Amino acid sequence: MKKFLLLFAMLFILGLRADAYQITTNAQTKRIPMGTKLELETASAISSQNVNQGDMFNAYLTRDVRTQTTMILPRGTVVRGNISGVTAPKMLSRSAVLYLNFDHVVAPNGSQLPISAGLCDNFELDDNGGIKGGGNYAASAKKNWSKSGDIIVKSTKWGISSGEDLFTGGKYLVTPFSAIGGTIAGAGYFVGMSIGDLFKKGNSVFIKKGEVFNIVLIESLDVPVSE
């Protein structure tokens, strides 16, 4: 009985190996080379405010990847990934940063193919490839400076028009005072807003559903195909 069971087990294992060999030899693959850009769109919204490290997300190919004769990855192919890190917004108007990791592609035959890829455009990225929420203290200061300039210009224009309404040549009397007043108001606005921005947190990262973006393959991707 022991010899019979041993023989049966050996035959079963050999059968599995034969099947595996048959599958391997019949499999055909097409290689998508390293450096290829793939255009994706998000399946759902992703926000730095409500995701945690390790959370999964899905995206879809927006275009077919194919040769002249063979479909490699059709439009709508699922690309799955996970949140590899989240940095919350900080003072000095420093924005949140969201890090995405692309894990695998679901091939047409249902197999999950590991993918090595990174974001390459469509988002404002930090030095480590994270998506920034946009804006920082320098950007806020620039915006405040522009607004304060607008206040000065509007005050000066008001002085010109109001002076002429008072009497002919009145703009030469009124305009200097309105310009000085506008300068004081503009400077006050700039200083006040810039001080406020020191204690203001930056923007969160929000990627809407259907957002289109590109990734680039860091390593080539071999996809099983049928011809």
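Asn82 has Asn101, a residue of strand β8, as its bridge partner in this predicted model. A natural place to begin a tour is therefore the pair of strands around these two residues, since strands count as paired once at least two bridges are found between them. Strand β7, residues 78-87, and strand β8, residues 97-106, run antiparallel and are joined by eight bridges.

Strand β8 has further neighbours. Strand β9, made of residues 112-114, runs antiparallel to β8, and three bridges link the two. Here His104 stands opposite Pro114 of β9. The hairpin formed by β8 and β9 has five residues between its strands, and in this hairpin Gly110 takes a positive phi near 95°. Strand β11, which covers residues 131-132, is also antiparallel to β8, with two bridges between them. One of the pairings involves Val97, whose bridge partner in β11 is Lys132. As a general point for reading such strands, side chains in a regular strand alternate between the two faces of the sheet.

Lys132 also leads on to the charged side chains. The side chain of Lys132 meets that of Glu124 in a salt bridge, with 3.4 Å from N to O. Both ends of this contact have some access to the surroundings: Lys132 is partly exposed, at 28% relative accessibility, and Glu124 is likewise partly exposed, at 40%. In the model as a whole, the count of salt bridges comes to four.

Another of these contacts brings together the side chains of Arg63 and Glu39, again with 3.4 Å from N to O. Arg63 sits in the loop between β4 (56-61) and β5 (65-66), while Glu39 belongs to strand β2 (residues 37-42), so the salt bridge ties together parts that are 24 residues apart in sequence. The two partners fall into separate accessibility classes. Arg63 counts as exposed because its relative accessibility is 56%, which lies over the 50% cut-off. Glu39, at 22% relative accessibility, counts as partly exposed.

A further salt bridge joins the side chains of Glu211 and Lys208, with an N to O distance of 3.1 Å. Which side of the burial cut-off does Glu211 fall on, with its relative accessible area of 18%? Buried means under 20%, so Glu211 is classed as buried at 18%. Its partner Lys208 is partly exposed, with a relative accessibility of 44%.

Definitions and conventions. Residues numbered from 1 in each chain as written. Predicted model: local features only at pLDDT ≥ 70, side-chain atom pairs only at ≥ 80, totals over all residues. Heavy atoms only, no water. Helix = DSSP H or I, 4+ residues; strand = E, 2+ residues; numbered from the N terminus. Buried < 20%, exposed > 50% of the residue type's maximum accessible area, 1.4 Å probe, protein only.
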